[in-house]
Amino acid sequence: MRRKIVAGNWKMNKNLQESVALAGEIKSALAGCPLCGVEVVVAPVFTNLYAVAQELKGTPVAVAAQNIYPKPSGAYTGEVSAPIAKSAGASKVILGHSERRQYFGETDEFLAEKVDAVLAENMEVIFCIGEVLAQRESGEHFQVVEQQIKNALFHLPASAWSRIVLAYEPVWAIGTGLTATPEQAEEMHAHIRKVVEDKYGKQVAEDLTILYGGSCNAKNAATLFAQPDVDGGLIGGASLKAEDFKTIIAARA
Ligand code: PGA
């Protein structure tokens, strides 16, 4: 079944105390507010993941890691594996974020390994895709996104797709205030669904949840979410304020 999801990517923001406080504010903001089937996710920094998960225990808010290393354990100094993130309270992992691709050189092939590692733990993947500005300007954006999906995800069996959520995040829209128009988001989301349908069939494509991310905020969320193929949002900056995050969740409900 296609789901409605609003996920907050806190990136490298908020120390331990601030993360717990924000989780507490989100908990209070959502208490007594009907979520209407919207799944809410927050992704804190690794060191704060356990405390945030404890703070949100007993609420419907799920906790995600922002990344993992594909090996389960071993001599990989400084890294965190899927089973270790899971033991701290993460049920999902964001993978392929453009900041990981850009600053840490993550390739589609490496991301394919990470996807397998997350699925092996029965966790969910929120997989990010999106073109940079030059690729959109040269008209390559559909092809770029298609290739990212094929390279990192098309080795999966159809059954694995029930634990994959895609997030279309045009890189030129992330943190820039330049949101994609609802039409730009919809045409890409529809394209993504078609790419998945061509490989896995109509049912997998129809059931796939595709989020939009990139300067999605309390003001523009409703018009983006009104598009038939935009199932929710992956929110950066606006997820750091509980009131804005709540407004975005309400826009999806
Ligand atoms: P933004 O970030 O909402 O701050 O643009 C979105 C993201 O990178 O997931």
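The legends below describe close-up views of a predicted model. Residues are numbered from 1 along each chain as its sequence is written, and side-chain values use heavy atoms, with hydrogens and water left out. Because the model is predicted, local features need pLDDT of at least 70 and side-chain atom pairs count only at pLDDT 80 or more, whereas totals for chains, interfaces and linings use all residues.

**View 1. The residues around the ligand.** The ligand is surrounded by 13 residues, of which K11, H97, E169, G175 and S215 come nearest (a residue is near if one of its heavy atoms lies within 4 Å). Sorted by class, this shell holds 4 nonpolar, 7 polar and 2 charged residues, where Ala, Val, Leu, Ile, Met, Phe, Trp, Tyr, Cys and Pro count as nonpolar, Asp, Glu, Lys and Arg as charged, and the others, Gly among them, as polar.

**View 2. Polar atoms beside the ligand.** A polar atom in the side chain of H97 lies 2.6 Å from an oxygen atom of the ligand, and a side-chain N or O atom of E169 is likewise 2.6 Å from a ligand oxygen. From G237 it is a backbone N or O atom that lies 2.9 Å from an oxygen atom of the ligand. Taken alone, the ligand exposes 280 Å², and the protein buries 95% of that (areas come from the Shrake-Rupley method with a 1.4 Å probe).

**View 3. The surroundings of K11.** K11 is found in the loop between β1 (4-9) and α1 (16-30); helices (H or I, at least four residues) and strands (E, at least two) are DSSP runs, numbered from the N terminus. The side chain of K11 makes a polar contact with the side chain of E99, at 2.8 Å (a polar contact is a pair of N or O atoms within 3.5 Å; within protein, one must be able to donate a hydrogen and the other to accept it, and residues adjacent in sequence count only if both atoms are side-chain atoms). Leaving aside neighbours within four places in sequence, the residues in contact with K11 include A43, Q66, H97 and G236, contact meaning heavy atoms within 4.5 Å.
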